[in-house]
Protein chains: 2
Amino acid sequence: MDCAKTTPVSIQQLKKVCSTCSLRELCLPMGLSPEEIEQLDHLVYTRKRVKRGESLYRAGDPFTSLNAVRTGFFKSTVVLEDGRDQVTGFHMPGEIMGLDGIGTDRHTVSTIALEDSEVCIIPYSRLEELSHKVRSLQSQFHKMMSREIVRDQGVMMLLGTMRAEERLAAFLLNLSQRFGARGYSPTEFNLRMTREEIGSYLGLKLETISRTFSKFQEQGLITVRQKHVRIEDLKGLRRLLGREC
Amino acid sequence: MDCAKTTPVSIQQLKKVCSTCSLRELCLPMGLSPEEIEQLDHLVYTRKRVKRGESLYRAGDPFTSLNAVRTGFFKSTVVLEDGRDQVTGFHMPGEIMGLDGIGTDRHTVSTIALEDSEVCIIPYSRLEELSHKVRSLQSQFHKMMSREIVRDQGVMMLLGTMRAEERLAAFLLNLSQRFGARGYSPTEFNLRMTREEIGSYLGLKLETISRTFSKFQEQGLITVRQKHVRIEDLKGLRRLLGREC
DNA sequence: GGTGCCGATTGATGTGGATCAAAACGTCCT
DNA sequence: AGGACGTTTTGATCCACATCAATCGGCACC
């Protein structure tokens, strides 16, 4: 039954992956019935390990499958012709990566593991097939893509109208909410990314991130020590977002 | 046959809307066979007129249908709690609006006509039904959503890493490309939006837009007079994007 | 054909975050 | 344990764009 578990290969074949997965309420199977999830099991049965610093795929690679984060943490980056690049997202367990590739059959971003990670491979042609059969899966998949669009609009808003403090507060609150939804502490967590990566995502320089962290700490909003963050005053952080001069 | 044309109502019932539409190669039917497009005709048969300044839908409205721009020009805006808002996109004929509403059954942006316009209403539940039957429609619809995600990432890049001149050059080149794809001149067109709306979209103030337009004109890159723009040096504008100090 | 108003232009000044620089701190590797 | 390198912090200075302000111009409406 679980013969694969003992072989230390990077791609494993497992049974009943989605049905028994603790992330199923956050991931692709969200809102599906147990019978429907079982259908997904026939589709999503391959996992892949990605070591810290390794890429899952790179911009320009042919697109063949979506990837769900099983464990670990990823970042996605776009690169401009002149070499400038920007982090466009961070991905944690249960989140789907690779939606950008559907439109052109090629990935437009590079996705890199920020710690040793594991992803579930979702072959895209088979997902289309199955969602053609299972209405609720189709519907769920559409919602997922739509939410990605809304998320991106939120980031556009952040980059277009917010000041540095507001951006970082929004970022911390977003992480807090996502960790909380996954059963981790929403007020105490380790950042997996560097100050530079946070800055790139927020359209700021790493020095500004560092200074703003220090300022938040002075104000008693958070405690930071290296990558470890504890949110001391959630309401205070939220207040920063609701207009203040 | 065309009895509806004589009644001056804002919602018209027409036959064969998609099959005979000149925009079909740019719009939802892109890549579908004539027979498949005919199936769409049963779905998309209602048009709606929206006068300049009127909203098609507002953030918070229940989501029931997507809308394809038939004629005219629209903008979408997000509003923050504190009242600050930002333009997240401009929409021209053949483009689909409302994808943001699928995820939550409510619109997250407000979409407003920038000139007297007409849209084709695409009832969403019926689109899901039909794309469940017609594989190529399903596939096409997924690509459309994915491209929207990629487009948004492009704007994030613009807002996160580009300077004012680069942003405006990218904006003009984008408009140029889209007008060109619709059979209009890619080098001479009328802006439908104000300097303030351009600024909001690009994360800049209206004065900066105005100054940068003037600078482009001095450099011989464009000629602007009010809303009328003529691109004099397409390559020069492109060069602005490929790094320059 | 005026008149009023909104949008656009242009100038003067201010400032938030970038840039440059240096030191402190961690961590990984041998 | 020691050394090297990458990350973070903090300070000093600079600059691109914001802000404030005044004028101009076009268009719609009496």
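Let's start with DNA strand C: 18 residues surround it, and those that come nearest are A:A164, A:T208, A:R225, B:S210 and B:S214. Here a residue is near a strand if one of its heavy atoms lies within 4 Å of it. Sugar and phosphate make up 65% of the atoms of strand C that come within 4 Å of the protein.

A quick word on the basis: this is a predicted model, where local features need pLDDT of at least 70 and side-chain atom pairs count only at pLDDT 80 or more, while totals for chains, interfaces and linings use all residues. Residues are numbered from 1 along each chain as its sequence is written, chains are lettered from A and ligands numbered from 1 in the order in which they are written, and side-chain values use heavy atoms, with hydrogens and water left out.

Back to strand C. A polar backbone atom of A:A164 sits 2.7 Å from one of its phosphate oxygens, and a side-chain N or O atom of B:S210 is 2.8 Å from a phosphate oxygen. B:R211 goes for a base: a side-chain N or O atom is 2.8 Å from a base nitrogen.

Which element gives the most to the surface near strand C? That is α6(B), with five residues; helices are DSSP runs of H or I, at least four residues, numbered from the N terminus.

Now DNA strand D. Among the 18 residues around it, A:S210, A:S214, B:A164, B:T208 and B:R225 come nearest. Phosphate oxygens of strand D lie 2.3 Å from a side-chain N or O atom of B:T208 and 2.2 Å from one of B:R225. For strand D, the largest share of the nearby surface, five residues, comes from α6(A).

Terms used. A polar contact is a pair of N or O atoms within 3.5 Å; within protein, one must be able to donate a hydrogen and the other to accept it, and residues adjacent in sequence count only if both atoms are side-chain atoms. Helices (H or I, at least four residues) and strands (E, at least two) are DSSP runs, numbered from the N terminus.
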